[in-house]
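Here's a friendly walk through a protein model you may not have met before. Keep the 3D view open and follow along.

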Amino acid sequence: MTKTIIDQAGANVGTPGAIRTRESLLSAYRTELAIAGAIVLLVLAVGTQVPQALSWGNFANITQAGAPLIIMSLGVLLVVITGGIDLSVGSVFSLTGMVTAQAMAAGLGGWSAALIGLGVGLVFGSINGFLVTVAGLAPFVVTLITFAVAGSLAFIVTNGRSMPIGDPDFWLLNSGSLVPGMPNYILFCIVLLVVIEIFLKKMVAGRWFYAVGSSAAAAHLLGLPVKRTQFFAYVASSLLASFSGLLTISYILNAESTAGSSLMLQAIAAVVIGGASLLGGTGTAVGAVLGALMITVIQNGVNLIGINSFWQGSVTGLAILIAVLIDRFSKSRRGAV
């Protein structure tokens, strides 16, 4: 017979195993729950000033605007967990859009052009991974170089001009519905969140990322494939940056050479706000997604309230500072215990 636990009021609170599971989940996702609570408070605070903020239409705007950042942040997370950094994602995002639009202008169909666009991410991710793992260069230096190169190429491809999307059906990538009633941009975010979270938490290869980020030398002594893990992280990061670029041009049906200029910093900020350490070894997909949503909610709130948009960076920077201080404080307390 299964044992159950009854509280003082006589209510059935479940089996010991179920209680332990709930407690472990609360402990494992304590930071993420705090971020989710902060997002709710931000939305409610903006809603007291602008009731429109609490409408379903505005929630749809937030998810639509946040989807590319969410996807890019999930890729950056993989690199950060391994102890690296990827500064090139914004430029890869821009170059992907320009190359895809140019391919359509040359006569290719939308889906063929999209594959070429994803090739941009594959190439730059492989370059980053090779230079970090084989050449032994510092990730900051490597991705700073590819950031400059990809950003330059985004202008060179079309001489800096914006490019319209030639395939009239390409909007389906973002706003179509593979699952009835759910726009693709939401579906892609959910699927990637679940797949990456399960990969990191439940699969052996996913645990390698944390081991490499905690100590690459120790991971190597344990026989873990350190270089292969790092290489995969950079390729995945660039591919997801390319995919987020495709999602964006599918929505606005236009490609801009500077479209991703601010996304690199936002993606890194989302990962940090979500609880990952830039020193490596920590972070979750759930946290990265919530960090990206918080940044999007902040931007949305600034726009709705009517604050000068130039303040968005300052507010986001303050959010990062608070997140880092909270992380530092919590680690200090755990160390003291």
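Let's begin with how the chain folds back on itself. Take the contacts between residues at least 6 apart in sequence: 73% of them join residues at least 24 apart. Keep in mind that this is a predicted model. The chain has 337 residues, and 46% of them are buried. Its secondary structure comes to 14 helices and four strands.

**The core**

The largest nonpolar core takes in 79 residues, and Leu74 and Leu200 have the most contacts inside it. Helix α3 gives the most to this core, with 13 residues. What does Leu200 touch, once you set aside residues up to four places away in sequence? The list runs Leu77, Leu78, Ile81, Gly206, Arg207, Phe209, Tyr210 and Ala285.

**Helix α9 and its two sides**

Three of those names, Gly206, Phe209 and Tyr210, turn up again among the buried residues of helix α9 (residues 204–214), together with Val212 and Gly213. Looking down the axis of α9, you'd see these buried residues fall within an arc of 165 degrees, so they line one face of the helix. Val204 and Ser214, on the other side of α9, are exposed. And what covers the buried residues? The cover includes α3 (56–81), α8 (184–202), α10 (216–221) and α11 (226–252).

**A pocket to look into**

Now turn to the second largest pocket, which holds about 520 Å³ of space. It is lined by 21 residues, and the closest to its centre are Ala65, Pro68, Leu263, Gln266 and Gln299. The elements that each give two or more residues to the lining are α3, α11, α12 (263–273) and α13 (285–305). Which of the elements gives the most to this lining? That's α3, with six residues. As for character, the lining divides into ten nonpolar residues, eleven polar ones and no charged ones.

**Leu69, a link across the chain**

Leu69 is found in helix α3. Is Leu69 buried or exposed? Its relative accessibility is 3%, so it counts as buried, the cut-off being under 20%. Leaving aside neighbours within four places in sequence, Leu69 is in contact with Leu263, Gln266, Ala267, Ala292, Ile295 and Thr296. Two of these contacts, Leu263 and Gln266, were named above as residues closest to the centre of the second largest pocket. Ala292 is a good one to pick out on the screen: Leu69 and Ala292 are 223 residues apart along the chain, yet their C-alpha atoms are separated by 6.1 Å.

**Phe170 and Leu187**

Phe170 sits in the loop between β3 and α7 (172–175). Being in a loop doesn't put Phe170 on the outside here: at 0% relative accessibility, it counts as buried. Not counting residues up to four places away in sequence, Phe170 touches Thr100, Met104, Gly110, Trp111, Ala114, Ile165, Leu246, Ile249 and Ser250.

Leu187 is in helix α8, and at 15% relative accessibility it counts as buried too. With residues up to four places away left out, Leu187 touches Leu178, Val179 and Met182.

Here are the C-alpha pairs for the three residues just described.

| Pair | Apart in sequence | C-alpha to C-alpha |
|---|---|---|
| Leu69 and Ala292 | 223 residues | 6.1 Å |
| Phe170 and Gly110 | 60 residues | 5.8 Å |
| Leu187 and Ser177 | ten residues | 8.4 Å |

**Two backbone oddities**

Finally, have a look at the backbone angles. Asn159 has a positive phi of about 55 degrees although it is not a glycine. You'll find Asn159 in the loop between α6 (139–156) and β3 (163–164). Asn159 is exposed, with a relative accessible area of 66%.

Leu253 also has a positive phi of about 55 degrees, and it isn't a glycine either. Where does Leu253 sit? Its place is in the loop between α11 and β4 (254–255). Leu253 is partly exposed, with a relative accessible area of 35%.

Conventions. Residues numbered from 1 in each chain as written. Predicted model: local features only at pLDDT ≥ 70, side-chain atom pairs only at ≥ 80, totals over all residues. Heavy atoms only, no water. Buried < 20%, exposed > 50% of the residue type's maximum accessible area, 1.4 Å probe, protein only. Arc of directions from axis to C-beta. Contact = heavy atoms within 4.5 Å. 1 Å grid on protein atoms, 1.4 Å probe; cavity = no way out; pocket = protein on both sides within 12 Å on 5 of 7 lines; lining within 4 Å. Points joined across faces, edges and corners; volume = space filled by probe spheres on them. Nonpolar A, V, L, I, M, F, W, Y, C, P; charged D, E, K, R; others polar. Core = buried A, V, L, I, M, F, W, Y, C linked by side-chain atoms within 4.5 Å.
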